[in-house]
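Work through the exercises below with the sequence and the 3D structure at hand. Try each task before reading its solution.

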Amino acid sequence: VARGIPVPPSQTWAGIEVIFLSEERIQVCSGDVRQTYNYGEFGFQDGRTEKPNAAWEMLSEMARTGGTIARPLPGKNKSKVQKRIEEIREKLKALWRIEADPIPFNGHTYQTSFRIRRGPSFDS
C-alpha cells in the first residue's frame, strides 16, 4: 500500500471521488482537496513488471462503468474478480482508514461507495 502518500481526508466513502485522467494517472478529490497520483504512487504497481497491476486495471474498468462491475457466473473469472475487488478494498481502506466497505456487493454487482469515473482527458 502507498504509505506516506497524503490522500485527501474524508470521513466517508461518499465524500471521495476518483477520476481516471489516463491509463496511468488518477485524481483523488475530497472536499476542496485534489491530489494526482500514478498507479505506482497509489500502490497498484506490479512488482515484477513495474506496470499497473490487475487490480488497477479493474479499478479503471469500474471508472468506465461508473463504479459498477457485475459478478461473473461461477468459474475461473468469478474468483479472479472477487480477488481483485478484495485487493482494491484492502488498499483503499489502508489509504483512507475508513472501515466501511468501499465496494459492497448487492447480490448481483459490486458498486463503489465512492464516486469513480473517467475524466474527459482519458480518451484524448
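The exercises that follow deal with three loop residues.

This is a predicted model, in which local features need pLDDT of at least 70, side-chain atom pairs count only at pLDDT 80 or more, and totals for chains, interfaces and linings use all residues. Residues are numbered from 1 along each chain as its sequence is written, and side-chain values use heavy atoms, with hydrogens and water left out.

**Exercise 1.** Locate Thr-112 and decide: is Thr-112 buried or exposed?

Solution.
- Step 1: Thr-112 sits in the loop that joins strand S5 (109-111) to strand S6 (115-118). Strands (E, at least two residues) and helices (H or I, at least four) are DSSP runs, numbered from the N terminus.
- Step 2: The relative accessible area of Thr-112 is 7%. Buried means under 20%, exposed over 50%, and partly exposed in between (1.4 Å probe, protein chains only). Thr-112 is therefore buried.

**Exercise 2.** Find what Thr-112 is in contact with, leaving aside neighbours within four places in sequence.

Solution.
- Step 1: Contact means heavy atoms within 4.5 Å.
- Step 2: The residues found are Met-62, Gly-67, Pro-102 and Ile-103.

**Exercise 3.** Describe Glu-50 and Arg-97 by phi, place and accessibility.

Solution.
- Step 1: Most residues other than glycine have a negative phi.
- Step 2: Glu-50 has a positive phi, near 65 degrees, and Arg-97 has a positive phi of about 60 degrees.
- Step 3: Glu-50 is in the loop between strand S3 (33-38) and helix H1 (54-64); Arg-97 is in the loop between helix H2 (76-96) and S5.
- Step 4: Glu-50 counts as exposed because its relative accessibility is 53%. Arg-97, at 69%, also counts as exposed.
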